[in-house]
Amino acid sequence: MENSVDRIAQPWGGRTPYARGQRWPPRMDTYLAQGVEPGSVERWVQAASILHSDGDAMDIAVKDGRMVGVRGRVVDRVNRGRLGPKDVFGWQANASPDRLTKPLVRRDGRLVETDWDTAMELVATRSRDLLRERGPGSISFYTSGQLFLEEYYTLAVAARAGIGTNHLDGNTRLCTSTAAEALKESFGCDGQPGTYDDIDHADVIALFGHNLAETQPVQWMRVLDRLEGGDPPRLVCVDPRPTRVARAATVHLAPRVGTNVALLNALLHEIIRTDRVDHDYVEAHTVGFDELARTVEECTPEWASRVCDVPAGRIVEAAEVLGTADRLLSTVLQGVYQSHQATAAAVQINNLHLLRGMLGRPGAGVLQMNGQPTAQNTRECGADGDLPGFRNWQNDQHVADLAKVWNVETTTIPHYAPPTHAMQIFRYAEQGSIRMLWISGTNPAVSLPELSRIRSVLSQDRLFVVVQDLFLTETAQLADVVLPAATWGEKTGTFTNADRTVHLSDKAVEPPGEARPDLDIFLDYAERMDFRDKDGAPLITWSDPESAFEAWKHCSAGRPCDYTGLTYGGLRGGSGIQWPCTEQVPEGTPRLYTQGVTWAEPDVCETYGKDLLTGASVPEAEYRSSNPDGKAMLRAAEFIPPHEAPSDAYPFQLTTGRTLYHFHTRTKTGRAPQLNAAAPDVWVEISSSDATAHGLGEGDLVEVTSPRGALRGRLRTTDIRPGLLFVPFHYGYWDTDSGSGPDDSTRPRAANETTVTDWDPVSKQPLFKTAAAAVTLVEKSAGRPAPAPTTTASAPSRTGSVRPTEGGAAARVRETTGMYGDDTDGGAQ
């Protein structure tokens, strides 16, 4: 039991080494509130983590009707009892004194408390008026990556078949849409081919733009244990920052931001040149090899070296490791997904595995990872830019099948165009065609790019904004109606992690005040709107989480994400189970594509594909012609330079990312004392050589500016590649010390004040990694002030309380406790 280790200073705990091919040994991590003895815990309630995409299984300790701690579940396949720092401490946010406990409505420019009936009737009345006056396209929904499956599915039915709007997406657009598109482009369907268990068997693990140590810390514990056991794996790391993963790597490639496709094409060039291709696998299971070979023929390591600013010899070395692997596991995350040519780059990693035949076997797989805990469920349930059950919006039979499940006419379900992505939803709201925006469980006033623009959109008088959340976030302060939601531990539901493992999370305690589960809120709305099927019966027939889960199972039947073999009873007491899970495979499915690709055939595929450079949809006839037998697709892509390049005025590239101790915009982790103390404020990371050249030093207060805005933070000097600045994106404009919410005196510190409104043409995922920026000194760390440049003005706000101000107070200098030292490195690509 590891309950005495300082999980801030030692975030990955102690080691339990094991050799290749062995099962990962268990280790139970436990944390109880001060003064609570294990014997005094009244009951332990099953749950799983809601603060990252790992899906760590845990039990919640309950005493006197409140949460008092957590412990890892050693029986679970995902974490074998281990917990990361956010798992250990994040639960404390549930009891924060500033939780929303009553609905709020805007009156005379101010948010005031009201009752549920008044708030919900206001939302329903505005919905009915807009449907009558402007039609379903005037109403939109923007949801989260933190709700439960049952809630996403209910929202999807209400939005797509009840309202009939095409405007439904999640903030998973920011973290996982490229993963979904890359899988569809290569395999014809979404769904993670690999499994976390592949870590136990791989002899090479390649991490592309993925700081596993901070984004999925429990799986990094697994890698660390393999590294200290027999026959340790070799690591290849592609990341411009000197992360813990990079320092453990056999080969570390630190390319210029925005050049991933060039680097990957050079690696593919070397695999083909040295004939490390599994020709039998390629012939039997793929199409497109000749075009791929032609595209990368001239992409030599020397060419890529000039583009990427990486030594050619290092590229050759990496290709040698990848090409000689016996079992290759690759993981991918935001350093690819949020960067230039995102989907094209992610697809090239799939190509690497297809060329080498590294799929469907223990240790041979690819994990196109998720950034949020329930991102997978938004994709499955149709609460983002997909139809439920991985159905193809271009396939009339798929739409008809979904209409049959819901008992509605096919014309009820919008399928005249792709479901609207989040960036386009905000553009439509900006232009005025969308007049109602319902935001559930997310904080776009901090998380979306170019925040001055987002504040301006949300502040429009003509836009009716509903926010459903736990706290009065920066976004909630701009709303017309605020609905207090219950969260993890206060409600029951299922959610699916990044390797398709479904967990059940049970209700442990009552939510505070009048807060309600998101499912109850959506069901209340559906009842008030009186949504009906084509026979006049209620469209939504379920009334609680378990009946909603059963309805989803019916929708998923026969589709790749088949849940029909799962039940609440079967998910209680043991391990999570990986879909597809059916009567034929009641224990779930560890790996997809063990016998070749199964969902790319034209009649069953989720998509006919898109052009990787333009995003244009491939016509059905073209797909049928090029891939009649439904094989995996080797999709080639040429490198093109990023849209925004450094200039004399903005000489740096700016990339944003995560820190181990926080999730999203800190609405939960910033309210956990240990996590907030570990990373209390934003910082700016710069290379030592760039700091010296600009007369800057460790701890200086600096201002980072871009053509869109500015932020201020204390400087950290590291071995990050020269010419690059890194800023964590978590920090907004509320005061974590007082818990009083946003404060006008707070200096501008949100990374997304500076990021660009641009997105990948295929996945529509915003590009947070490739902005041009400048850095200037504001104040020396010793206290000697420097002239402060003018901060870019903010857009008007309904409340005026979430805007950064000009000038601003100096940030706290981080304490020199070592909590940011060599083991953590702050953020993740």
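Are glutamate 181 and lysine 184 buried or exposed? Glutamate 181 is buried, and lysine 184 is buried as well. Welcome to a short tour of this predicted model, starting with that pair and its charged relatives.

**Salt bridges**

Glutamate 181 and lysine 184 meet in a salt bridge, with 3.1 Å between the closest N and O atoms. Both residues belong to helix α4 (residues 177-187), where they sit three residues apart, about one turn of the helix. Across the model, the count comes to 51 salt bridges.

Other pairs reach across the chain. Arginine 20 and aspartate 326 join their side chains in a salt bridge of 2.6 Å, N to O. This pair links distant parts of the chain, 306 residues apart: arginine 20 is in the segment before β1 (30-32), while aspartate 326 is in the loop between α12 (312-323) and β13 (328-332). Arginine 20 is partly exposed, at 25% relative accessible area, and aspartate 326 is partly exposed too, at 42%.

Helix α12 itself supplies a partner for another such link: arginine 276 forms a salt bridge with glutamate 320, their closest N and O atoms being 3.2 Å apart. Here arginine 276 comes from the loop between α8 (260-273) and α9 (279-285), and glutamate 320 lies in helix α12, 44 residues apart. Arginine 276 is partly exposed, with a relative accessible area of 22%, and glutamate 320 is partly exposed at 39%.

The three pairs can be set side by side:

| Salt bridge | Closest N to O distance |
|---|---|
| Arginine 20 and aspartate 326 | 2.6 Å |
| Glutamate 181 and lysine 184 | 3.1 Å |
| Arginine 276 and glutamate 320 | 3.2 Å |

Salt bridges also join into a network, which links Asp117, Glu121, Arg128, Arg516, Asp524 and Arg528.

**A buried aspartate**

Aspartate 518 is found in helix α20 (residues 518-529). What is its relative accessible area? The value is 2%, so aspartate 518 counts as buried. Its side chain makes a polar contact of 2.7 Å with the side chain of lysine 491. Beyond its neighbours within four places in sequence, aspartate 518 is in contact with Leu147, Glu151, Gln468, Ala485, Ala486 and Lys491.

**The parallel sheet**

Five strands build an open sheet, ordered β11-β10-β9-β13-β14, with parallel pairing. Why is one side of β11 (251-253) and of β14 (365-368) left without a neighbour in the sheet? Both stand at the edges, and each has a single partner strand. Neighbouring strands of the sheet are turned by 10° against each other on average, direction ignored.

The parallel strands β10 (residues 234-238) and β11 are joined by three bridges. Cysteine 237 has histidine 252 in β11 as its bridge partner. Helix α12, already met through glutamate 320, lies across β9 (204-208), β10, β11 and β13, and runs at about 130° to β11.

**Cysteines without partners**

How many disulfides does a search of the whole structure find? The search returns zero. For cysteine 237, the closest cysteine sulfur belongs to cysteine 308 and is 15 Å away, too far for a bond. Cysteine 237 is also buried, at 0% relative accessibility. Cysteine 381 has its closest cysteine sulfur in cysteine 561, and that distance of 7.8 Å is too far for a bond as well. Like its counterpart in β10, cysteine 381 is buried, with a relative accessible area of 0%.

Definitions and conventions. Residues are numbered from 1 along each chain as its sequence is written. This is a predicted model: local features need pLDDT of at least 70, side-chain atom pairs count only at pLDDT 80 or more; totals for chains, interfaces and linings use all residues. Side-chain values use heavy atoms; hydrogens and water are left out. A salt bridge is a side-chain nitrogen of Lys or Arg within 4 Å of a carboxyl oxygen of Asp or Glu. Helices (H or I, at least four residues) and strands (E, at least two) are DSSP runs, numbered from the N terminus. Buried means under 20% relative accessible area, exposed over 50%, partly exposed in between (1.4 Å probe, protein chains only). A polar contact is a pair of N or O atoms within 3.5 Å; within protein, one must be able to donate a hydrogen and the other to accept it, and residues adjacent in sequence count only if both atoms are side-chain atoms. Contact means heavy atoms within 4.5 Å. Two strands pair if DSSP finds at least two bridges between them. Axes are lines fitted to C-alpha atoms, for helices over the stretch in contact, and angles run from 0 to 180 degrees between N-to-C directions. A disulfide is a pair of cysteine sulfur atoms within 2.5 Å.
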